[in-house]
Every structure is written in structure tokens, then in C-alpha cells.
Amino acid sequence: MLKKELRLKYKTLRKQLSENESEELSLAIANKILTLPLWNKTYFHVFLPITEQNEVNTEFILHLLSGKDKEIIVSKSDFESRDMTHFLLTDNTKIKKNEYNIPEPVEGIEVPAKKIEVVFVPLLAFDKLGNRVGYGKGFYDKFLSECQPEIIKIGLSFFEPEELISDVFENDVKLDYCVTPNEIFKF
């Protein structure tokens, strides 16, 4: 299937989930993450969900990371340059939604992309080869290409994989794992 078709399909599927279903599925995903071999890492990048898009609620993951004394990093996006700036999430971090309803830090302690060891990647769909479909702006592909080659890239999805995303580009960065409520896919 083409990315354009997948975006439409999965935005529709996510809209059909009730708030309660989204929360239960998000919690199931967080519980699965506990079994991944990544707890020896320190710097974890987490996306803050766009509630209007019914994204996976990462609040449960934030609690896990906080409980394990991990350094949590969140980003701010520049829609002109397609760059993301990464900030340490602290008790003093002020979060504000941007014009696209993305919750972002207003300011804070900047963290270079090279220091980040694990990234939880938002997506609309993924396939059995580890390719993902996002919203099509290329923010995460650009960000992930700036990280260390050994960075662990983990997609989070309410849904199971597609067989194949047929229009994958050379610059699309593949996932290492994708966690669904029922299963962990390793690529």
C-alpha cells in the first residue's frame, strides 16, 4: 500500500477508538516496553502525543522512565527548517501546544541528538520490514539520521503491521522495534 493510503486508513482507525480504548492500548504498549533490552541506556527521547490525533499516550512510558531514573528528552519542531531541538524534561519544563497541537517544551536544557540512545517514534502505520509511515513532514527521518548509528528506534502502534509499504524512500529510517498492545516486532 502507498503511504498516502495508509495515512488515511490509520487516521480513520485511530479516530474510531474511544478515549478509554486508547488509554488501555497505550498502557498495554507501555507494559510490553518493559520487556525490551534497553534498560541499560540513559537518554530516552519520547514524543508527547497529539491528543487530537488520538496518538499513543506516552504518559505511561514517561512514568516508567522516570521510575527507572532515566534522562527523558522531548523535542520542539521548527516547521520552516524541519529541524527538531531536543530538551531535557525536568520538573520545571513548561509544555505548550504549537499551532499543530503538538505539545512541546517552551525552553530548557538542550540535549544534542548524538547523546540520545533510545527514541520512541510516533507513526501512523508500519510494515513487516520495519518501515514506518508518519505524517509526511520528514521530521523524524531527519532527526534519526543525526543520531548515533547504534541508536535504538522504537515505533509505537495501536495496530498490527501492514505487509509492505510500497513507496519507501532511500532517506526513510527503519525502526529496530515496533511495539503494539499485543506484540513486539523486531527488525
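**Figure 1. Glu162 is buried in this predicted model, at 12% relative accessibility.** Glu162 sits in the loop that runs between strand E9 (152-156) and strand E10 (177-179). The side chain of Glu162 makes polar contacts with two side chains shown in this view. One is a contact of 2.7 Å with the side chain of Lys9. The other joins the side chains of Glu162 and Tyr10 at 2.5 Å. Glu162 counts as buried because its relative accessibility of 12% falls under the 20% limit.

**Figure 2. Tyr10, Phe158 and Phe159 form a cluster linked by ring pairs.** Tyr10, the partner of Glu162 in a polar contact of 2.5 Å, appears here as a member of the ring cluster. The count of aromatic pairs in the model comes to nine. In one of these pairs, Phe126 and Phe187 meet edge-to-face, with 6.3 Å from centre to centre and 70° between the planes; this pair is shown in Figure 3. Phe158 and Phe159 also make an edge-to-face pair, with their centres 6.2 Å apart and their planes at 85°. Both rings belong to buried residues: Phe158 has a relative accessible area of 7%, and Phe159 has one of 17%.

**Figure 3. The aromatic pair of Phe126 and Phe187 links distant parts of the chain.** Phe126 belongs to strand E7 (residues 125-126), while Phe187 lies in the segment after strand E11 (184-186), and the two are 61 residues apart. How exposed is each partner, Phe126 and Phe187? Phe126 is buried, at 1% relative accessibility, whereas Phe187 is partly exposed, at 30%.

**Figure 4. Lys68 lies over the face of the Trp39 ring.** The distance from Lys68 to the ring centre of Trp39 is 5.0 Å.

**Figure 5. The largest pocket has a volume of about 710 Å³.** It is lined by 34 residues, and those closest to the pocket centre are Tyr135, Gly136, Lys137, Phe139 and Tyr140. Which helices and strands each supply at least two residues of this lining? They are helix H1 (3-15), strand E2 (71-78), strand E5 (103-105), strand E8 (132-133) and helix H4 (139-145). Sorted by class, the lining contains 18 nonpolar, eight polar and eight charged residues.

**Figure 6. The second largest pocket, with a volume of about 250 Å³, takes the most lining residues from helix H3.** Helix H3 (59-67) and strand E2 each supply at least two residues of the lining, and H3 contributes five. Among the lining residues are Glu59, Leu62, His63, Leu65 and Ser66. The lining also includes Asp69, Lys70, Glu71 and Ile72, together with Leu89, Thr90 and Asp91. Four lining residues are nonpolar, three are polar and five are charged. Strand E2 also supplies at least two residues to the lining of the largest pocket.

**Figure 7. The structure holds one cavity of 30 Å³ or more.** The largest cavity encloses about 40 Å³ of space. Its lining consists of Arg14, Val56, Leu123, Leu124, Leu156, Ser157, Phe158 and Phe159. By class, six of these are nonpolar, one is polar and one is charged. Phe158 and Phe159, which line this cavity, are also part of the ring cluster with Tyr10.

Note on methods: Residues are numbered from 1 along each chain as its sequence is written. This is a predicted model: local features need pLDDT of at least 70, side-chain atom pairs count only at pLDDT 80 or more; totals for chains, interfaces and linings use all residues. Side-chain values use heavy atoms; hydrogens and water are left out. On a 1 Å grid over the protein atoms alone, a cavity is a set of points where a 1.4 Å probe fits but cannot get out, and a pocket is an open set with protein on both sides within 12 Å along at least five of seven lines; lining residues have an atom within 4 Å of a point. Grid points are joined across faces, edges and corners, and a volume is the space filled by probe spheres set on the points. Helices (H or I, at least four residues) and strands (E, at least two) are DSSP runs, numbered from the N terminus. Ala, Val, Leu, Ile, Met, Phe, Trp, Tyr, Cys and Pro count as nonpolar, Asp, Glu, Lys and Arg as charged, and the others, Gly among them, as polar. Rings of Phe, Tyr and Trp (its six-membered ring) pair if their centres lie within 6.5 Å; planes under 30 degrees apart count as stacked, over 60 as edge-to-face and the rest as tilted. Buried means under 20% relative accessible area, exposed over 50%, partly exposed in between (1.4 Å probe, protein chains only). A charge sits over a ring if NZ of Lys or CZ of Arg is within 6 Å of the ring centre and within 35 degrees of the ring normal. A polar contact is a pair of N or O atoms within 3.5 Å; within protein, one must be able to donate a hydrogen and the other to accept it, and residues adjacent in sequence count only if both atoms are side-chain atoms.
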